[in-house]
Amino acid sequence: MTKRTPRTTLTAYLFLAPALLGLFFLTIFPMLGVIGISLTKWTGLESPTYIGLDNYTEIFTSDFYFARSVAATLYFALGAVISGIIYSFTVAFMLNKKVPARGFWRSVFFLPYIVPAIGTSIVWSWMYEANFGVFNYVLRLLKIAKVQWLQDPRMATPSIIVMAVWGCGSLIVIFLAGLQNVPRSYLEAVEIDGGNAWHKFRHITIPLMTPIIFFNFLMSMISNLQIFVPAYALTQGGPSDATLYMVYLIYREGFMRNNFGHASALSLIFFVFIAILTALFFSTSRKWIFYEGE
Amino acid sequence: MKMASHNSDRGTSIVIAILISVLGLAVLFPFFWMARSSLMSNIEIYKYPPLLLPRSWSFVNYATTLRAFPFARYIVNTLSIAVPSIVGVLLTSSFAAYAFARLDFPLKKLWFTLVIGSMLMPTAVTIIPIFVAWSTIGLSNGYTALIVPAFLGGGAFNIFLIRQFFMTIPRDLDEAAIIDGASHGRILFQILAPLVRPVLISVGLFTFILYWNDILGPLIYVSRTEQNTISQGLANFKSGFGTDWKAIMAACCMAIVPPVSIYFAGQKYFIEGIVLSGLKA
């Protein structure tokens, strides 16, 4: 490490200046701004009027959409995170075996992650289309009645969860890399002791993978809670608010209805909501994450 | 006994190979369905039972779609945001990563924690105050608000990733250079940056994808139609041509092919970038 001298301090702060400006202007001040604006009634045209905690009182007592939005977001995120983790771990586990063309398949599973969500959402909505969509064709072959995938309030979120799971290829790549790092010698030791495939999986693979499972779970939770594109492009929050996810609600209040005050209060609540979930998740981590060398 | 276990191993491998192929093809199916639908006539696309492939490939759909979906302009618009942003991200995140990896200075720990902690901050939370700030200085309509953030550190995640790489390079290299009188700027650009080129390429490619795919940013800051980005153009096209599925699929194809080609060209960097983000964190 270059020693601390006034000169290196100056260089360091010069190098850090853009990042620190970013920290203040893109995170810290906007955070304070959200709090400030949430205490006002403001459409952006006239000057804001201070109304204290009225926005919050309204949200928690009379806002018709808020509770539905929280429920829809939690439902989606839980579904997408849990199915996404199970799907991606299973695929990675299989890819970690001797599979022909493994590199090719890894690229295939990753592919949905890098294409524009708006494009893939639209393609899925065509497959979900009630009369000419391919899914209802398959159902008809199986003699099952048509499903209004995105138009049925009970089906909309599950349909979007399937899209999200399809798009979680990054998790597969991370899991696969983790599995490849599990030392062969540990697995062989279990074999020598007469253990079978399940023993290896349960007592070596899973414990060694817990830090990566934790990381994937956390990142996947934070990104899925912010689901926006399908709600914006396909369902506009409907049907019957079934896909009125939080970020879409914030966008709608803020930018379509110009209720900056109300939308800021929602943003702050959303922030606290994610922070609580993250903290809860971290607090469980000590109990189930295995750190080598402890 | 040995034989039997060998056979059952082979049996499992075959089952796994089949499962992976079936799942992999299922993952590719939406891409296939998009391409296939984009080449069909109206009669073919609504046929029952659905055709697997068009009888005659209607490339004319693309010509018709292009009349309402100015793909070339969308590319130019998107690149005018993405290219400067890539430069900004690479420059400013490398600077910050260098300071955190190589220099000692007061409050280093605090800044590091805050910068890295901001990674967990959901972007959606601050969209309103940031928009209000841009509109106060009259820049809420245009590309400025989308490009400038790239020059303000280039994202905590990238700083962290590049820093991790700098840490793996022996200090002897830059210490020798310091003795020879090289400045920190020279060490960063002439010694360290070339050594971590793969991670810089990963960061650059992911930044491109991020801007190509972004929709919320353009929705908020780009309101003039002639300035629309590709994702925005696609969203508008879908709401304007709601049920003309062959045209919509052609537009989707156009929006999806460029990132897919870039992905296949730079696959190694994408995969490594993702792996490192997961394993280094």
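Is B:S202 buried or exposed? In this predicted model, B:S202 comes out as buried, because 25 other C-beta atoms sit within 10 Å, and the cut-off for that class is 20 or more. The residue belongs to helix α11 of chain B, which covers residues 197–213. Leaving aside residues up to four places away in sequence, B:S202 touches B:Y269, B:F270, B:E272 and B:G273. As for B:V76, that residue lies 126 positions from B:S202 in sequence and 22 Å from it in space, C-alpha to C-alpha.

B:I179 makes a handy counterpoint. This residue is part of helix α9 of chain B (residues 171–179). B:I179 counts as exposed because just 8 C-beta neighbours fall inside 10 Å, where the exposed class takes 12 or fewer. Measuring aside, the computed C-alpha to C-alpha separation between B:I179 and B:T78 is 45 Å, with their positions 101 residues apart in sequence. Both residues sit in a chain where buried residues account for 43% of the 281.

Now for chain B as a whole. Its secondary structure runs to 15 helices and zero strands. The chain is more spread out than a compact globule, because its radius of gyration is 24 Å, well over the 19 Å that the globule rule gives for 281 residues. Along the principal axes, the C-alpha atoms of chain B fill a box of roughly 75 × 75 × 35 Å. Take the contacts in chain B between residues at least 6 apart in sequence: 75% of them join residues at least 24 apart. On the confidence side, chain B has a mean pLDDT of 90, and 96% of its residues reach 70 or more.

Chain A has 13 helices and two strands. Its radius of gyration is 24 Å, against a value near 19 Å for a compact globule of 294 residues. A box of roughly 75 × 75 × 35 Å, again taken along the principal axes, is what the C-alpha atoms of chain A fill. Some 41% of the 294 residues in chain A count as buried. For contacts between residues at least 6 apart in sequence, the share in chain A that joins residues at least 24 apart is 68%.

One helix pair in chain A is worth a look. Helix α3 (residues 66–95) of chain A packs against helix α10 (residues 197–225) of chain A at an angle of about 145°, and their axes are 9 Å apart. The crossing of α3(A) and α10(A) is right-handed. On the α3(A) side, the contact involves A:T73, A:F76, A:A77, A:A80, A:V81, A:G84 and A:I85. From α10(A) come A:I213, A:N216, A:F217, A:S220, A:M221, A:N224 and A:L225. Sorted by class, this contact of α3(A) with α10(A) has nine nonpolar and five polar residues, with no charged ones.

That leaves the interface between the chains. Here, 73 residues of chain B are in contact with 79 residues of chain A. On the side of chain B that touches chain A, helix α1 (residues 2–38) of chain B supplies the largest share, 13 residues. The residues on that side of chain B split into 58 nonpolar, twelve polar and three charged. For the complex, the predictor gives an ipTM of 0.91 and a pTM of 0.92.

Notes
Residues numbered from 1 in each chain as written. Chains lettered and ligands numbered in written order. Predicted model: local features only at pLDDT ≥ 70, side-chain atom pairs only at ≥ 80, totals over all residues. Helix = DSSP H or I, 4+ residues; strand = E, 2+ residues; numbered from the N terminus. Contact = placed C-beta atoms within 7 Å. Nonpolar A, V, L, I, M, F, W, Y, C, P; charged D, E, K, R; others polar. Rg over C-alpha atoms; globule rule 2.2 N^0.38 Å. pLDDT = per-residue confidence, 0-100. Axes fitted to C-alpha atoms, helices over the stretch in contact; angles between N-to-C directions. Left-handed = near helix turned anticlockwise from the far one by under 90°.
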